Amino acid sequence: MSSLLRALKELRRYPSAIAGLAIIGLLIIVSIYAMVTIPYSEAIRLWRGGPGVWDEYPRNAVPAWFDWFSGERLPKTITVDSRTAGTRTVEPLDGGLVRVRYTLPFEFPYAVFPSELSLFSAATYEGKRTRFTATWIQPDGHTIPLVSDRSMRDTDTYYISLDNNLRDRLPRAAAPEEGLFLAASDAAAAHPRAPASGTYELVVETEIPEGHSFETRLVVFGKAYGLAGTDNRRRDIMVALLWGAPLALAFGLFGALVSNIATFVLAGVGTWVGGHVDGLFQRLTQLTLLLPLLPIMVMVGQFYGRSLWLILGIVILLNIFSGAFLTYRSMFLQAKEAPYIEAAKAYGARNGRIIFRYLLPRIVPVLLPTFVLVIPQFVFLEASLAVLGLGDPILPTWGKLIYDARSADALYKGYYYWILEPATLLMITGFGFALVGFALDRIFNPRLRTM
Amino acid sequence: MKSVLQIARYLALKAVMLGVTVVVGCYLVVIIANMGGALDDVRRAEVRSNVGSSIFLDPANRGVPATVLTQMVDDLARLEFERLGLDKPFFPGRSLEYLFTALSLRLGMAEQLTSDTGSREVRRILAERLPSTLLLFGTSTLLLFFSAVRMALSLSRRYGSLMDRAIVGLAPLSAAPGWFYGIFLILIFAAVLRILPWGGLVKAPPPKEPLAYALSVLQHMILPLLAIMTGGIFANVYRWRTFFLIYSSEDYVELAKAKGLSSRTIQSRYILRPTMPTIVTSLALLLIGAWQGQIILETVFNWPGLGRQFLAAVNLNDTPIILGTTVIYGYLLAGTLFLLEFIYAVIDPRVRVGGGRR
C-alpha cells in the first residue's frame with residue numbers, strides 16, 4: 001500500500017495529471033454548489049417546467065455574454081408590473097363596478113427588436129368574465145390600439161406577439177414584437193429596420209367589481225439571458241448544466257468503481273478457487289461479450305424504464321463480466337504462482353486471507369489507471385443513451401441537453417450555444433479523468449517511463 | 001507433443017461451449033425483447049383493437065346489434081391470434097419458436113418494419129442495410145486499425161521523440177466517443193461552413209449516373225469517417241505503442257540489435273511476427289463489431305445502417321429483427337472465436353492443450 005501512496009505522490013511530477021485533478025476538483029465543487037443551491041426535487045421540478053415555472057423567460061435566448069463578442073447589445077427581458085411600477089387610476093362606475101386604468105412605462109434602449117411580447121394579468125374575483133382594453137404608446141407619442149374589450153379570465157395571458165389581428169393592422173404586417181417598436185416615420189422604409197429607443201407605455205383599462213383587485217404585468221422578452229441562455233421551452237439551460245455535473249460524476253464514478261471492483265474481486269476469487277466457479281465465470285464472460293451492450297441498454301430503456309439509477313444498475317451488471325474480466329484473470333493467474341503466496345499457503349492461511357490480503361493488493365497498482373480511464377466511458381454512456389432519447393425522463397443531464405437541442409434542430413437553426421455548452425462540459429469531464437488515467441498508466445507501467 | 005486426438009477433443013469442447021453460449025445469449029435476448037412475455041398481452045390487445053375498429057366502423061355492419069358485433073370481433077380476433085401464433089403461451093412455446101427461427105437463420109417475418117421495397121422478410125430488411133453499414137464501418141475499422149498499428153510501430157521505434165510525446169499527450173482526446181466528435185464536425189463543416197452534408201447516405205434526389213452517385217456517397221462519408229477516426233485513433237495508437245514497446249524490450253530483440261540487424265528486419269521478424277496472433281485477433285473482433293453498426297453514430301449522422309434499423313426495431317417491439325441482428329452477430333463472434341482457438345491450438349506452439357492441468 002505504501003508503494004501505492006508513493007506512486008500517487010509521483011502524480012505531482014506530471015503537469016497533465018495536475019491539470020486533470022484540477023478539472024475533477026472543479027467538477028466536484030460545481031456539483032456541490034449545484035446540489036446546495038438547487039435541491040434534487042427542485043431541479044426536477046424546474047426541469048419539468050409546466051405552467052408558472054418558466055413563463056416569463058425568453059425562448060431560445062443566447063447567453064448574455066455573447067454581447068462581448070458580437071459587439072451588439074441584445075435586449076434583455078423587461079418586466080413591468082403594475083404592483084411596482086407605473087401609475088393607476090381608479091374611477092367608480094354605476095352598478096358596483098370600478099374602472100381601473102394602468103399606465104405601464106418602460107425604457108427600451110436596445111437597437112435589436114425583442115423576441116416576444118406578453119401581457120399577464122391576475123384578478124381576485126371569480127364568476128362573471130370581464131373585458132379589458134390595451135393601448136400601446138410609442139416614445140414619439142404615436143398610439144397603437146392593441147385590443148379593445150378583449151374578454152379576460154381571472155388569470156389571463158394575452159400573447160401580444162401571437163395576435164394576428166394586430167399584425168394585420170401594423171405597417172407592412174410586421175410581427176407585433178417588431179411593428180410595435182418601429183417609429184411611425186421609419187415604418188415605410190425598407191431595410192434595415194431597427195427599433196426606436198426611448199420610453200414606451202402600455203395603457204391597460206378594465207372594469208371590475210368594486211372591492212376586488214386586478215394586477216397586470218407586461219413582459220418584453222429579450223434575446224439574451226443569463227450565463228447559459230435558454231432552450232425552446234424557455235428553461236434556463238444553467239439548471240441542466242449545473243445539475244449535469246453531479247449526475248455525470250455519480251454515474252461515471254459509481255458505475256466505474258462498482259463494476260470494476262466487482263470484476264476485480266470476482267476475477268481474483270475465481271482464479272484462486274478455480275474449478276467450477278472459474279469455469280462459470282468464464283462462461284458468463286463469454287455470454288456478456290456476446291450480448292450487445294448498447295442494444296440491450298436500449299431495450300431496457302424502451303421496455304422497462306428509463307430512470308438513471310435503473311440504467312446504472314443494469315450497466316454495472318452487464319459490465320462485471322466484461323472483457324476486463326479476462327485481462328484481470330490472466331494477471332491473477334500469474335500472481336497466483338508468486339512465491340510469497342506459496343508461503344502463505346504453507347503456513348496455512350485461509351482462502352479469504354490469501355485472496356484479500358495477498359492476491360488482490362498485488363494487482364491493484366496495475367489496475368488503478370484502468371479504474372480511472374473507464375470513468376469517462378460511463379459518463380459518455382449516459383450521454384449516448386440520452387442522445388438516443390433514452391435518457392432519464394425527469395433528470396436534467398448534459399446528454400439530455402444535447403438530445404433536446406438535436407431534436408429541436410439547434411444546429412440547423414443556429415442555436416449553437418445550446419449544444420456546445422453541454423458538449424464542452426462533457427469533453428472537459430472526460431478529458432480530466434483521461435489526463436489523470438494516462439499519467440497513472442505511465443507511473444504504474446514502468447516500461448513506459450522515460451528511460 | 002500434441003496429439004491430433006487431444007486437439008480435436010479440445011476444439012470440440014470449445015465448439016460446444018461457444019454453441020451453448022450463443023443459444024443462451026439469444027434466449028436471453030428473446031426474453032428481454034418480449035419483456036418476459038408481457039409484450040404478448042400488448043400484441044393481443046393491439047390485434048383486438050384493430051379487429052374491433054374494422055368491424056364496428058364498417059358501414060356494412062350498421063344496424064347490426066352490438067352483441068352480434070362483439071361476437072364477430074371475438075371470433076375474428078381468435079382467428080387472428082391463431083394466425084399470428086398469439087394463442088399459445090409465451091413460455092415455453094412462443095419463446096422457443098422465436099429462438100429456433102432465429103438460430104436456424106430462417107429469421108422469419110418482421111412484425112412491424114418493412115424493407116424499402118416493401119418486403120416483410122427479416123432477411124431482406126437486414127440485407128438492405130448491410131451495404132451501407134459495411135461501407136462505413138468496414139472502411140473506418142480497417143482505416144483506423146492499420147493506421148493505428150503503423151503509427152504505433154514507428155512511434156515505438158522513436159520512443160520519446162517529439163511526435164511520440166505529442167501522440168501520448170493527445171491520447172486523452174479518445175475519452176470521448178466518435179459520435180461526440182461527430183456533433184462538433186457537423187457544427188463546423190455543415191452548420192457554419194456549409195461545405196459538407198449534414199448527414200445521410202446520398203444527396204436527395206440520388207444522382208442517376210453511378211459515378212455521381214458514388215461521389216455523393218463519398219462526400220457523405222467524410223464526416224462520419226473523420227468522427228470515428230478522431231474518437232479512436234489516439235487511444236489506439238497509444239495502446240499499440242505500449243504493446244510494441246513491451247515486445248521490443250524482449251531479450252531476443254536486444255540480441256538482434258546487438259548482432260547489428262537492420263531495424264526493418266528487427267521490426268518485421270522480431271517484433272511483428274511474435275505479436276501477429278494478437279494483432280489478428282483484435283482485427284477479427286473489430287471487423288465483427290462492424291456488423292452491428294453503431295447506433296449512435298448512425299443516429300447522429302442519419303446514416304441508414306443496421307444500428308438505426310435495430311433502434312427502430314426496438315422502438316416498435318419488432319422481435320424478429322432484434323433477434324435476427326443478434327443471432328447473426330452471435331454466430332459471427334462465436335465462429336471467429338472458434339477459428340482463433342483453432343489457429344492457436346494447431347499453430348501456436350505456446351498454447352498448451354489438454355496437458356498442464358492439475
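**Figure 1. The order of helices along chain B.** Follow chain B of this predicted model from one end of its sequence to the other, and the pattern reads α-α-α-α-α-α-α-α-α-α-α-α-α. How many helices and strands does chain B have? The count is 13 helices and zero strands. Helix α13, one of them, covers residues 319-347, and helix α3 covers residues 66-84.

**Figure 2. The overall dimensions of chain B.** Step back for a moment to take in the whole of chain B. Its C-alpha trace spans about 100 × 65 × 35 Å along the principal axes. The radius of gyration of chain B is 27 Å, whereas a compact globule of 358 residues would have one near 21 Å. The assignment of domains in chain B gives domain 1 (35-89) and domain 2 (134-305). Taken over C-alpha atoms, the centres of these two domains of chain B are 54 Å apart.

**Figure 3. Surface, burial and charge in chain B.** Here the view moves between the inside and the outside of chain B. Of its 358 residues, 46% are buried. The accessible surface of chain B is about 18300 Å², and carbon and sulfur atoms account for 65% of that surface. Chain B carries 35 positive and 23 negative side chains, with 14 Å between the centres of the two sets. Now look at contacts in chain B between residues at least 6 apart in sequence: 70% of these contacts join residues at least 24 apart.

**Figure 4. Close-up of Thr326(B) in helix α13.** Find helix α13 of chain B and look along it for Thr326(B). Is Thr326(B) buried or exposed? Thr326(B) has a relative accessible area of 4%, so it is buried, the cut-off for that label being under 20%. Which residues does Thr326(B) contact, leaving aside its neighbours within four places in sequence? They are Pro292(A), Val29(B) and Phe310(B).

**Figure 5. Close-up of Asp74(B) in helix α3.** Asp74(B) sits in helix α3 of chain B. With 27% relative accessibility, Asp74(B) counts as partly exposed, because that label is for values between 20% and 50%. Try tracing the chain from Asp74(B) to Leu39(B): the two are 35 residues apart along the chain, and their C-alpha atoms are separated by 20 Å.

**Figure 6. Close-up of helix α4 in chain B.** Helix α4 runs over residues 90-103, and its buried residues include Phe90(B), Arg94(B), Tyr98(B) and Ala102(B). Ser95(B), Leu99(B), Thr101(B) and Leu103(B) are buried in this helix too. A general point may help when you look at such a list: an α-helix has 3.6 residues a turn, so residues three or four places apart point the same way. Helix α4 also contains Pro92(B), and a cis peptide bond with omega of about -10 degrees joins Phe91(B) to Pro92(B). Just after α4(B) comes Leu105(B), which takes a positive phi of about 65 degrees.

**Figure 7. Close-up of the cis peptide bond at Pro205(B).** Where does Pro205(B) lie? Pro205(B) is in the loop between α7 (178-192) and α8 (210-248) of chain B. The bond joining Ala204(B) and Pro205(B) is a cis peptide bond, with omega of about -10 degrees.

**Figure 8. The partner chain, chain A.** Chain A has 16 helices and nine strands. The radius of gyration of chain A is 32 Å, well over the 22 Å given by the globule rule for 451 residues, so chain A is more spread out than a compact globule. Along the principal axes, the C-alpha trace of chain A spans about 105 × 50 × 35 Å. Domain 1 of chain A is assigned to 2-47 + 236-444, and domain 2 to 70-221. The centres of these domains of chain A, taken over C-alpha atoms, are separated by 54 Å. Buried residues account for 52% of the 451 in chain A.

**Figure 9. Close-up of two positive phi angles in chain A.** Asp149(A) is part of strand β6 (residues 143-152). Although Asp149(A) is not a glycine, its phi is positive, at about 55 degrees. Arg234(A), also not a glycine, has a positive phi of about 70 degrees. Look for Arg234(A) in the loop between β9 (214-221) and α7 (237-273) of chain A. Its relative accessibility is 11%, so Arg234(A) counts as buried.

Conventions. Residues are numbered from 1 along each chain as its sequence is written. Chains are lettered from A and ligands numbered from 1 in the order in which they are written. This is a predicted model: local features need pLDDT of at least 70, side-chain atom pairs count only at pLDDT 80 or more; totals for chains, interfaces and linings use all residues. Side-chain values use heavy atoms; hydrogens and water are left out. Helices (H or I, at least four residues) and strands (E, at least two) are DSSP runs, numbered from the N terminus. The radius of gyration is taken over C-alpha atoms; the globule rule is 2.2 Å times the number of residues to the power 0.38. Buried means under 20% relative accessible area, exposed over 50%, partly exposed in between (1.4 Å probe, protein chains only). Contact means heavy atoms within 4.5 Å. Accessible areas come from the Shrake-Rupley method with a 1.4 Å probe; for residues, only the protein chains shown count as cover. Lys and Arg count as positive and Asp and Glu as negative; His and the chain ends are not counted. The place of a charge is taken as NZ of Lys, CZ of Arg, CG of Asp or CD of Glu. Domain bounds come from an automatic or database domain assignment.
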